[in-house]
Amino acid sequence: MTLHSNFSLKNYNTFGIEAKAKQFIAVHSLDELKTVLVENPTEKKFILGGGSNMLLTQDINALVIHIDLKGKKIIDENDDFVWVESQAGENWHEFVLWTIDQNFGGLENMSLIPGNVGTTPVQNIGAYGAEIKDHFISCQAISIANQELRTFQNEECRFGYRESIFKNEVKDQYIITSVVFKLTKRNHKINTSYGDILGELEKNNIQNPSLKDVSNAVIAIRQSKLPDPKELGNSGSFFKNPIVPKSDFEKIHQRFPEMKYFEVSTTEVKVPAGWLIEQAGFKGKRFGDAGVHKNQALVLVNYGNATGQEILAVSKDIQETVFKTFGIRIEAEVNVI
């Protein structure tokens, strides 16, 4: 392990924002992580994974610990299911592709989501009708305060829409070190009903899709809408899709009958934030080096040298305009630092 001072984080966040860490160290094993925590008991700490779900608006006046734990293995299986453990530093998309290559089903709809495995439970990431909570069994985490290991079972994580206990009750108290998923070995539940997956499969004359076919369809859709962070800085979807009480939505829908929506319960409706932002006139707009992507209004982008503050200003302008236009508040999905 090497401790760096005044370290640039430009290559460690997918927005490509230039920000400095007071101190920076990468850890590659649980023992290394424990050592860093023990040797720096009073130092303020900032935990960094894949850097895909954050917007840096300032330098980090703390010890930045980059979680780079690697490895994946089968820990149990029967005729129908397999339990796979992945270390936190594994790239999520590469892990998903590995499960598909093994013919393990469950994660294929979440292909190409940026970030690392260890941060997936924090956000309860999801896409195209699938969420982590549907296949998550448990995760191991280490206490920052006393280095004790704790296992969080699915029900303990209090998963919600882009929510978990790690964003609320135990925020900044634990570092996730590994995650266990339960996946199918046969009788896979192929889910093609959400979004454009079915259309993509039909375009390729695929009638009985495999796990790989669904993954390829999701990848093609995401690549057509979302920029590659290596080419254009972004963090994927910047905003959550707002969930609105049905009674409020009905009044709004009368004014905007073309508004898209999905019923999530008998009392609530989910409205696509991308549609709201596009209708508010932001899709493809550029403000200096900060802007909104031309193919997907949910994605804010860094065209080169935007600061985190400039991107944050664009996001606030979008939130205010959407609320003034539709009376609906949209929240950031990205963590603003």
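# Helix 2, helix 5 and a pocket

Reader: In this predicted model, is the crossing of helix 2 and helix 5 left-handed or right-handed?
Author: The two elements are helix 2, residues 92-101, and helix 5, residues 211-225, whose axes come within 10 Å. Where helix 2 and helix 5 cross, the handedness is left-handed.

Reader: How are helix 2 and helix 5 oriented to each other, roughly parallel or roughly antiparallel?
Author: The axes of helix 2 and helix 5 cross at roughly 155°. Angles over 145 degrees carry the label in question, and helix 2 and helix 5 are therefore roughly antiparallel.

Reader: Which residues in helix 5 are met by residues in helix 2, and how many of the residues in this contact are charged?
Author: From helix 2, His93, Leu97 and Ile100 take part, and they meet Leu211, Lys212, Ser215 and Ile219 in helix 5. By class, this contact has four nonpolar and two polar residues, while the number of charged residues is one.

Reader: Which elements give two or more residues to the lining of the second largest pocket?
Author: The second largest pocket holds about 1,100 Å³ of space and is lined by 38 residues, with Thr14, Pro114, Asp228, Pro229 and Lys230 nearest its centre. Its lining divides into ten nonpolar, 19 polar and nine charged residues. The elements that contribute two or more residues to this lining are helix 2, helix 5 and strand 13.

Notes. Residues numbered from 1 in each chain as written. Predicted model: local features only at pLDDT ≥ 70, side-chain atom pairs only at ≥ 80, totals over all residues. Heavy atoms only, no water. Axes fitted to C-alpha atoms, helices over the stretch in contact; angles between N-to-C directions. Helix = DSSP H or I, 4+ residues; strand = E, 2+ residues; numbered from the N terminus. Parallel < 35°, antiparallel > 145°, perpendicular 65-115°, else oblique. Left-handed = near helix turned anticlockwise from the far one by under 90°. Contact = heavy atoms within 4.5 Å. Nonpolar A, V, L, I, M, F, W, Y, C, P; charged D, E, K, R; others polar. 1 Å grid on protein atoms, 1.4 Å probe; cavity = no way out; pocket = protein on both sides within 12 Å on 5 of 7 lines; lining within 4 Å. Points joined across faces, edges and corners; volume = space filled by probe spheres on them.
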